[in-house]
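Subject: Handover of a structure for your review

Dear colleague,

Please find the structure below, together with its sequence. A summary of the findings follows it, and I would be grateful if you would read the two side by side.

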Amino acid sequence: GAKAMDEDEEARLSFRFVEEGEAETLLRVACNHFALGQVELARATLAQVAAKDSARVVALLAALLRNGIPESWCIPEHFPSRAHVAWLCQLDLTEYHKNTPQAGDEGFDSWLRGVRAAIEFEIMVGLAVPFVTSAVCGAES
């Protein structure tokens, strides 16, 4: 019993930086996951932060969508484009925004609807281009 408590206390003290600046640390970890193409790990990490402070996650995701997914970030092979990563970000942003004091802000909601439409358009165009190119090139042969 007492020995386990000592080990637990030691573990807690070893990771004090996570407790003291947990949200900031986890947001940084999430960005690192995104940059390495570990999208699902990033989303899971953001969910941890959102459970305590969804406003910080909303701010991060909104900044990502405003500025675009950085070109330097790896995109997983199973994602056809950066737009697919952005699409997941806007899905999460929509969900986490519901739990913030700004929920119902028509300006933000309108911006988010526009972002979603632009991302969906980019995905559709990205999916259509290879089909159209194939059809056109096949017709020329």
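In what follows, a residue is called buried when its relative accessible area is under 20%, exposed when that value is over 50%, and partly exposed in between. With that convention, the buried residues of helix α3 are Ala23, Thr25, Leu26, Leu27, Ala30, His33 and Phe34. Please note that this is a predicted model.

Overall architecture

The secondary structure of the protein chain consists of six helices and zero strands, so that, by the DSSP runs used here, the pattern along the sequence reads α-α-α-α-α-α. The chain has 141 residues, of which 33% are buried.

Helix α3

Helix α3 covers residues 22-35. Its 14 residues should span 20 Å at 1.5 Å a residue, and the C-alpha atoms at its ends are indeed 20 Å apart. After α3 comes glycine 37, which has a positive phi near 80°.

Helix α3 is also tied to a distant part of the chain. Glutamate 24 and arginine 56 meet through their side chains in a salt bridge, with an N to O distance of 1.9 Å. Glutamate 24 belongs to α3 and arginine 56 to helix α4 (residues 39-67), and the two are 32 residues apart. Both partners are partly exposed: glutamate 24 has a relative accessibility of 41%, and arginine 56 has one of 32%. The pair is part of a network of salt bridges that links Glu24, Asp53 and Arg56.

Helix α5

Helix α5 runs over residues 82-97. For its 16 residues the expected span is 22 Å, in agreement with the 22 Å between its end C-alpha atoms. Because twelve of these 16 residues are buried, α5 is largely enclosed by the rest of the structure. The buried residues are Arg82, Ala83, His84, Val85, Ala86, Leu88, Cys89, Gln90, Asp92, Leu93, Tyr96 and His97.

At the N-terminal end, α5 is capped by serine 81, which places a side-chain oxygen 3.2 Å from the backbone nitrogen of alanine 83. Valine 85, also in α5, is buried at 1% relative accessibility. The C-alpha atoms of valine 85 and isoleucine 119 are 9.7 Å apart in space, although the two residues are 34 positions apart in sequence.

Arginine 82 forms a salt bridge with glutamate 71 through their side chains, at 3.5 Å from N to O. This pair, too, links distant parts of the chain: arginine 82 lies in α5 and glutamate 71 in the loop between α4 and α5, eleven residues apart. Arginine 82 is among the buried residues of α5, whereas glutamate 71 is exposed, with a relative accessible area of 66%.

Helix α6 and the surface

The residues Phe121, Met124 and Val125 make up a nonpolar surface patch of about 320 Å². Of these, methionine 124 lies in helix α6 (residues 106-140) and is exposed, with a relative accessible area of 54%.

A further salt bridge joins arginine 113 and glutamate 106, whose closest N and O atoms are 2.7 Å apart. Both residues are partly exposed, arginine 113 with a relative accessible area of 49% and glutamate 106 with a relative accessibility of 47%. Across the whole structure, the search finds nine salt bridges.

Cysteines

Why do cysteine 31 and cysteine 89 form no bond with each other? A disulfide is a covalent bond between the sulfur atoms of two cysteines. The cut-off applied here is that the two sulfur atoms lie within 2.5 Å. The sulfur of cysteine 31 has its closest cysteine sulfur in cysteine 89, at 9.5 Å, which is too far for a bond. The converse also holds, since the closest cysteine sulfur to that of cysteine 89 is the one in cysteine 31. The count of disulfides is therefore zero. The surroundings of the two residues can be stated as well: cysteine 31 is partly exposed at 22% relative accessibility, while cysteine 89 is buried with a relative accessible area of 3%.

Yours faithfully,

A colleague

How values were computed. Residues numbered from 1 in each chain as written. Predicted model: local features only at pLDDT ≥ 70, side-chain atom pairs only at ≥ 80, totals over all residues. Heavy atoms only, no water. Buried < 20%, exposed > 50% of the residue type's maximum accessible area, 1.4 Å probe, protein only. Helix = DSSP H or I, 4+ residues; strand = E, 2+ residues; numbered from the N terminus. Expected span 1.5 Å × (residues − 1). Polar contact = N/O pair within 3.5 Å; in protein donor to acceptor, adjacent residues only side chain to side chain. Patch = residues over 30% accessible without salt bridge, like charges linked within 9 Å, V, L, I, M, F, W, Y side chains within 5 Å. Areas by Shrake-Rupley, 256 points an atom, 1.4 Å probe, with all protein chains shown as cover. Salt bridge = Lys/Arg side-chain N within 4 Å of Asp/Glu carboxyl O.
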